[in-house]
Structure formats: C-alpha cells, structure tokens
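Q: Please give me a close look at one part of this model: its aromatic rings, how they pair and what surrounds them. I would enjoy the reasoning as well as the values.

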Amino acid sequence: MATQAKRGRVSCRWLVRGAPLSPAPRAAPPAVGPAKGPPPLPPSGHLRLSGPPSPTQSSSSARAAISPAPSGLSGAGPPHCARLSQVAGPVGGGDSDLDPVASFLSWCRRVGLELSPKVAVSRQGTVAGYGMVAQESVQPGELLFAVPRAVLLSQHTCSISGLLERERGALQSQSGWVPLLLALLHELQAPASPWTPYFALWPELGSLEHPMFWPEEERQRLLQGTGVPEAVEKDLANIRSEYYSIVLPFMEAHPDLFSPRVRSLELYHQLVALVMAYSFQEPLEEEEDEKEPNSPLMVPAADILNHVASHNANLEYSPNYLRMVATQPIPKGHEIFNTYGQMANWQLIHMYGFVEPYPDNTDDTADIQMVTVREAALQGTDVEAERVLLYERWDYLCKLEMVGEEGAFVIGREEVLTEEELTTTLKVLCMPPEEFREFKDQDGWGDDKKEEDSLTITNIPKLKKSWRQLLRDSVLLTLQTYATDLKTEQDLLSNKEVYAKLSWREQQALQVRYGQKMILHQLLELTG
C-alpha cells in the first residue's frame with residue numbers, strides 16, 4: 001500500500017527555531033510582483049567548483065571499498081553533463097551543446113524512471129528554473145511519473161554504500177545528514193557516477209539563494225525580527241562543527257575516494273543547502289513513530305517540481321516505486337507543483353531561498369517567542385513577591401513541557417498551531433495565586449478545556465480579559481523586534497515603481513516581514 005506524504009519533508013535536528021523544522025524537497029523562487037529574480041541557472045545546468053582538475057580515481061583500495069552501481073543504473077552520462085570534478089567553465093569537450101534535459105530523459109528511460117507522456121520537463125512556463133508542465137490535461141489520481149527505488153540516490157544506493165554502512169557509528173551527527181552528504185561529495189566527483197545526467201539539472205551551487213549565503217549584515221538588516229538570522233547562525237555553527245569533527249576527517253582518511261577539491265567547508269555549506277532544499281524523507285509508518293526519522297533521499301524527477309501552498313501533485317511511497325500523483329485537475333500548459341509541507345514564508349526562505357508573495361501562502365505564520373510572553377507577564381508585576389511567583393509559574397510550565405527558553409508559540413492566519421501550549425501558558429500565568437497553588441498541587445486539572453478558552457482566531461475576542469491583555473502585550477513586544485513597522489512595509493508593497501527597484505533579496509525579505517506583521521496586527525485587533 002502506498003504511503004502518502006506531505007512534501008516528503010526531511011528532518012534535520014539542528015535546523016530549529018522553537019519547534020524543530022523539517023527541511024524538504026526543493027523549490028525555485030516564484031516571481032513576486034515585479035520582482036527581479038535571483039541569478040538564473042546556467043543554460044546547461046552546469047555545476048562549478050573552484051580548484052584544479054580531479055585526478056582519476058584508480059586506486060585498488062578505492063575499488064575494494066566501492067559497491068557496484070545499484071541495479072538499473074549503469075555507467076556515466078554523456079560527457080556534456082555537469083559534474084563538480086570538471087571545473088572552470090562548461091563541462092566536457094565537444095558535446096557542450098547537447099541538451100541536458102534530453103540527456104536526463106534518455107537516462108530516465110534507461111533506468112526505468114517512467115514519465116507520463118502528458119508531462120514535460122521544461123524551463124518554459126515554470127515559475128523559475130526547471131519545472132514540470134502538463135502537455136495534456138491531467139485528472140486527479142493520474143500517475144505523473146514513477147521512480148524505481150534503485151534510482152534513488154542515498155547513503156544506501158551510492159557507490160560507497162558499503163563503506164558508509166561499516167563506518168555508520170563514526171558518521172553519526174546532530175543533523176543525521178552526514179552519510180548522504182558524503183555520498184553526494186563522492187558521486188559528484190566520481191568519473192563514472194551513474195547519476196551524472198541527473199546532476200546536470202541541478203542548479204549551480206554558487207547561485208543558491210538561502211540566507212545562509214547572504215552577507216551577515218544584509219541578512220540581519222533585511223530579516224531582523226523574523227527569526228531567520230538566529231536560525232541561520234545556529235545552522236552555520238552546526239555545519240562548521242559537523243564538517244571539521246566528522247566529515248573532513250572521514251574524507252582525509254579516504255583520499256582515494258574524495259579528491260582534495262571536495263574537501264571544502266564552502267562546498268559542504270552548499271551541499272547542506274542543496275539537501276535542505278531538494279531532498280525527500282520517507283515518512284515512518286504509524287507504528288514506527290518512536291523510531292528515528294528515515295535518512296534523506298535524492299529523488300530524480302521529483303525534485304524538479306516547484307512548490308506552492310495550493311499544490312496539484314503529491315509524492316507517494318510504495319515498496320518498489322515512489323510515485324508522483326496528481327491531486328487536482330491540471331489544465332494543459334499549467335505547471336505541476338508538489339508541496340513541501342505546510343511551510344511559513346520564514347521557513348521557505350530559510351530552507352529553500354524563496355517565499356510566496358502575500359497573500360498566496362495560506363500556511364504563513366508568525367511566532368511569538370515563549371520568553372516574550374514571560375517578559376510581558378513580568379511587566380505586570382509590581383513587587384518582588386509577584387515576580388517570584390511568576391517565575392514559579394514559569395518553572396511549572398517548563399515542567400509540563402509547555403514552554404522552553406528557545407520555544408515559540410506559532411500563530412497562523414486562522415488558527416493557533418500551538419493551541420495547547422499557549423492556552424495552558426495564558427491560563428497558568430493569569431490565574432489567581434490560590435488557584436495556581438491548587439492547580440500545581442493537583443498536577444493540573446486534566447482535560448478541563450472550556451469552549452470559551454479555545455484559541456481559534458475567531459474565539460480570541462471571547463477570551464478572559466487578563467488572557468487577552470497578556471496576549472496583546474506579547475504581540476506588542478514581538479512587533480518591537482522588527483526594524484520597521486507595518487505601514488512602512490505597506491507603502492513599499494503598494495508603490496509598484498519603488499518595489500520594482502528593490503533587489504530580489506529585499507523583495508523576498510519584505511514579503512516575509514509583511515506576512516508575519518499582518519498576522520500579528522490581526523491579533524492586536526482581536527485582543528483590543
């Protein structure tokens with residue numbers, strides 16, 4: 001039976017802001033009004049890496065460590081296909097004019113990756129970069145393509161899978177991505193990688209637009225208050241630590257498998273971003289919920305699809321194939337979109353380097369840091385005894401695992417995504433002292449939720465006055481963390497001439513800030 005997954009999102013344990021994030025398959029930046037796009041992909045999808053040419057890997061020890069190519073994959077692609085081992089301009093010799101899409105489709109036929117005749121891989125008619133377009137009308141439930149499991153690129157299918165399995169204990173990391181990243185580092189510079197035609201459709205690594213590649217000053221200036229700069233700083237610190245403590249020592253221990261050019265922190269950053277944006281993760285079965293997440297996978301063809309919240313296709317997992325299936329009618333000529341999950345714009349720009357323009361992203365959210373609610377509550381204390389009691393209440397909420405120093409309450413346009421946590425926090429921080437003592441002595445009151453305490457957006461005006469006041473004060477403190485106010489953002493968005501002069505990054509960041517502030521101002525109105 002096929003397992004259906006929301007966006008096939010990939011779990012990485014150090015990509016966090018409040019609750020853990022789930023990096024997912026890739027998307028290219030959609031056009032935002034009169035936006036200037038990021039640097040375009042090179043015409044043939046070439047990847048480039050600075051450094052001298054790679055020596056041929058012919059060591060007998062290397063061959064002993066390398067497993068045969070997976071069943072169904074054989075040989076490298078045509079010489080024009082982009083590879084990291086070939087640098088300083090377009091790849092290959094006299095075949096540079098060959099179409100990488102045609103080569104990729106030829107490779108698909110050879111390895112049994114079946115595409116429906118109703119779809120086409122194209123750069124025409126897509127929101128950005130390569131995408132998939134319907135050549136004929138498609139109905140819900142129709143199969144768009146099927147990817148055999150042997151074609152997937154992962155730590156288990158790559159040519160050094162045996163070595164990665166033997167060294168599994170040494171490759172454990174906080175992210176859980178090291179084996180796949182090492183697989184990519186090897187395959188991208190291997191002279192005869194079976195996935196070479198697939199790599200030809202990847203973006204140029206130097207053109208990735210994730211905020212981790214922005215200058216720190218620009219990132220802070222444009223995204224202050226959104227939570228993205230803090231998330232990126234944690235990412236960069238963890239990536240650096242992981243690279244120098246695990247990845248580089250492993251590559252240096254196997255010099256016949258990893259040429260000097262791929263032993264680069266810069267390249268590792270870029271591949272982390274690529275995995276963040278392009279990889280998939282097979283969901284666990286319900287009975288496996290307590291297990292560690294499955295390892296990430298690179299899924300040829302599936303990662304070509306771009307993302308929108310109102311998607312029209314979804315990836316399904318079955319024992320022998322991964323199948324992309326239409327979920328809505330797709331008219332002829334329309335682009336086919338996958339979904340990477342319910343992603344707020346700050347998550348999209350953080351993990352994929354693009355946003356959906358307001359109001360298109362129906363999954364957009366705004367965060368109120370949990371410690372901000374504590375700070376707002378402290379503003380209402382007058383004497384030391386009240387402050388001591390408030391910290392006692394906070395410690396109790398920590399014990400209940402309702403709050404944390406780095407957690408956030410997540411507010412959507414129509415619902416509070418962390419309803420239980422925020423409801424309990426408002427209740428505990430606002431209840432009279434004697435009621436709190438009773439609540440604490442009885443270790444809570446069980447499931448005593450009342451309808452008037454529901455934190456649906458429409459019900460917020462009906463909350464107790466003390467709850468609404470604390471929530472309002474928390475929103476006001478949150479709005480102070482941004483460098484600009486809502487009116488400034490509205491003026492920029494409403495003036496098309498001024499907006500068009502903004503850089504692409506400025507436009508993307510503006511959409512993130514504006515979407516968050518609209519949600520926060522809606523809360524202000526509801527709590528007023």
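A: Rings of Phe, Tyr and Trp (its six-membered ring) form a pair if their centres lie within 6.5 Å; planes under 30 degrees apart are stacked, those over 60 are edge-to-face, and the rest are tilted. Please keep in mind that this is a predicted model. By that rule, the structure holds 13 aromatic pairs.

One of them joins Tyr 198 and Trp 202, with 5.5 Å from centre to centre and 80° between the planes. That angle is over 60 degrees, so this pair is edge-to-face. Buried means under 20% relative accessible area. Tyr 198 is at 2% relative accessibility and therefore counts as buried. Trp 202, at 1%, counts as buried too.

A second pair is made by Tyr 340 and Tyr 352, whose ring centres are 5.0 Å apart; their planes meet at 35°, so the pair is tilted. Tyr 340 sits in the loop between strand 13 (335-338) and helix 9 (345-351), whereas Tyr 352 sits in the loop between helix 9 and strand 14 (365-369), so the pair ties together parts that are 12 residues apart in sequence. Both Tyr 340 and Tyr 352 are buried.

The loop between helix 9 and strand 14 also contains Pro 359. The peptide bond leading from Tyr 358 into Pro 359 is cis, with omega near 5°.

Back to Tyr 198 and Trp 202: ring pairs link them with Phe 104, Trp 107 and Phe 199 into a cluster. An aromatic ring can also face a charge, and here the charged end of Arg 123 sits over the ring of Tyr 130, 5.0 Å from its centre.

Two further aromatic residues, Trp 394 and Tyr 396, are among the buried residues of helix 11, together with Leu 389, Leu 390, Arg 393 and Leu 397. These buried residues cover an arc of only 160° around the axis, which puts them on the same side of helix 11. An α-helix has 3.6 residues a turn, so residues three or four places apart point the same way. The cover over the buried residues of helix 11 includes helix 10 (370-379), helix 12 (419-430) and helix 13 (433-441). On the face turned away from that buried side are the exposed residues Ala 385 and Lys 399.

The length of helix 11 can be checked too. At 1.5 Å a residue, its 16 residues (384-399) should span 22 Å, and the end C-alpha atoms are 23 Å apart, which agrees. After helix 11 comes Glu 401, with a positive phi near 60°, although Glu 401 is not a glycine. Glu 401 belongs to the loop between helix 11 and strand 15 (408-412), and its 69% relative accessibility is why it counts as exposed.

For the wider setting, the protein has 17 helices and 15 strands, and 55% of its 528 residues count as buried. Among contacts between residues at least 6 apart in sequence, 75% join residues at least 24 apart.

Conventions
Residues numbered from 1 in each chain as written. Predicted model: local features only at pLDDT ≥ 70, side-chain atom pairs only at ≥ 80, totals over all residues. Heavy atoms only, no water. Helix = DSSP H or I, 4+ residues; strand = E, 2+ residues; numbered from the N terminus. Expected span 1.5 Å × (residues − 1). Buried < 20%, exposed > 50% of the residue type's maximum accessible area, 1.4 Å probe, protein only. Arc of directions from axis to C-beta. Contact = heavy atoms within 4.5 Å. Lys NZ or Arg CZ within 6 Å of the ring centre and 35° of its normal.
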